[in-house]
Amino acid sequence: MSTNVSLTKEHPIEKSAKEFTYTHPKLGVTCRFINGDSFEFLRNCPPGSYDVVFTDIPYNVLIGYKGAEFDEDPFDVEELVKLAAKALKHNGIFITFCASTQLERLETILAQYFDGGVRDGVWIKTNPDPKRIGLTNAKENIVIAWRKGSTLHVRANHWNAVISPICSGNEPLKEFDPVEGKMVKVHGTQKPIEMLVRWINRLVSEEAHVLDLCAGTGAIGRACYHSGRHYTGIELNRHFFEQSVEAFGDKKYMELCRKRAKKAEMKHGDIMLKAIRRILINNKDISEKAATDEGWEEAQGLFKKLSGYKFLMHSGKTDIANLWALIAMALVFGIIAILMLKP
Ligand SMILES: C[S@@+](CC[C@H](N)C(=O)[O-])C[C@H]1O[C@@H](n2cnc3c(N)ncnc32)[C@H](O)[C@@H]1O
């Protein structure tokens, strides 16, 4: 059953509904959530239906792999990749988040089905969960596999890292836990919209239809919706499916997601950020600020003040204009660094 409605907290999801579709009123893209099993979905999917698989596989699979055989996990990643490769167009792309322990095996599997290349990247968290003992977990892995002639939306030298905060404030979906007697997160691994949009803008072409095989709370769906990509997401767990659908009916929540997606829309932001970080390496004060996303704004302000140059990054002007901005910035900060280093 497919339903296209606007849900609210007063009109929750119908008990029997297995599928919901939302259409963005301005961008016109569709966002479809399905409650079901991805393997079953893929077996029934006509070949060549999707441009990109962008997903987030469960982190406890493949861990038992000891070099020659699979552990007996019901979630068979190799089968998923094989089926997904068929569901993708001839120039399709497969992207997934994964745990470090899954990386090597996953890349070996992907290389069998994607002849263009396999590359891993990282999401560096600016505010990892604090740990009372030991190290924090300040990075997460992402793997990108593509076929020859793929539509990979990557500019030359585009960075395979995103620096962005974890899901915080009102963004993680929450619910009341009667045992704990307080509000708790609905899902342990909900991904933040801002980080997702940064990857989407970098890797996924604007016309693409994205397939998410492990939708969870639907974060990739909301990121696609706000960045203008068609999306279909499958989630096995009924509760997560319901939560992701209801989040769409919550105007305030969707506005929060829209704002976070907007924040990620710096066209050349990451290239510029990388260059500025290099330039500022000798200026501890400014470089420390620029190393965080919050400090980035401040570093831009500082640059404007120092150079009087109109910053073009958000203005949608041409690459050439941004290149001049970059050169001007390099000169200004280079001179500052030399002056500061002079005895
Ligand atoms: C790492 S979580 C995804 C979290 C998601 N990215 C988010 O931001 O909320 C993986 C999800 O895959 C779902 N899953 C596991 N096996 C599945 C299957 N066979 N079909 C569809 N979903 C499945 C789990 O229920 C879990 O919610």
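The exercises below work through a predicted model of one chain and its ligand, each with a stepwise solution.

Residues are numbered from 1 along each chain as its sequence is written. Because the model is predicted, local features need pLDDT of at least 70 and side-chain atom pairs count only at pLDDT 80 or more, while totals for chains, interfaces and linings use all residues, and side-chain values use heavy atoms, with hydrogens and water left out.

**Exercise 1. Characterise the chain as a whole.**

Solution. Begin with the secondary structure, which comprises 11 helices and 11 strands; helices (H or I, at least four residues) and strands (E, at least two) are DSSP runs, numbered from the N terminus. Next consider burial, where buried means under 20% relative accessible area, exposed over 50%, and partly exposed in between, with a 1.4 Å probe and protein chains only. Of the 343 residues, 49% count as buried. Finally, the chain exposes about 17500 Å², of which carbon and sulfur atoms supply 56%; accessible areas come from the Shrake-Rupley method with a 1.4 Å probe, and for residues only the protein chains shown count as cover.

**Exercise 2. Check the length of helix 7 and determine which of its residues are buried.**

Solution. The expected span is 1.5 Å times one less than the number of residues, so the 13 residues of helix 7 (residues 251-263) should span 18 Å, and the end C-alpha atoms are indeed 18 Å apart. The buried residues of helix 7 are Y253, M254, C257 and A261. These residues cover an arc of only 95 degrees around the axis, taken from the directions from the helix axis to the C-beta atoms, and therefore lie on the same side of helix 7. On the other side, K251, K252, K259 and K262 are exposed. The buried residues pack against helix 4 (193-203), helix 5 (219-227) and helix 6 (238-248), where contact means heavy atoms within 4.5 Å.

**Exercise 3. Describe how helix 6 is covered and what lies at its start.**

Solution. Eight of the 11 residues of helix 6 are buried, among them F240, F241 and F248. The buried residues pack against several elements, including strand 1 (19-23), strand 2 (30-35) and helix 7. At the start of helix 6, a side-chain oxygen of N237 reaches to within 2.9 Å of the backbone nitrogen of H239.

**Exercise 4. Place E171 and identify its side-chain partner.**

Solution. E171 is located in the loop between strand 7 (161-164) and strand 8 (174-177), and counts as buried because its relative accessibility is 1%. Its side chain makes a polar contact with the side chain of R260 at 2.9 Å; such a contact is a pair of N or O atoms within 3.5 Å, and within protein one must be able to donate a hydrogen and the other to accept it, while residues adjacent in sequence count only if both atoms are side-chain atoms. Not counting residues up to four places away in sequence, E171 also touches residues including Y253 and L256.

**Exercise 5. Examine the surroundings of the ligand.**

Solution. Of the 23 residues around the ligand, D37, D56, K191, T217 and E235 come nearest, a residue being near if one of its heavy atoms lies within 4 Å. A ligand nitrogen is 2.7 Å from an N or O atom in the side chain of D37. A ligand oxygen is 2.9 Å from an N or O atom in the side chain of H187, and a ligand oxygen is 2.6 Å from an N or O atom in the side chain of E235. Taken alone the ligand exposes 600 Å², and the protein buries 90% of that. The elements giving two or more residues to the shell around the ligand are helix 1 (38-43) and strand 11 (230-235).
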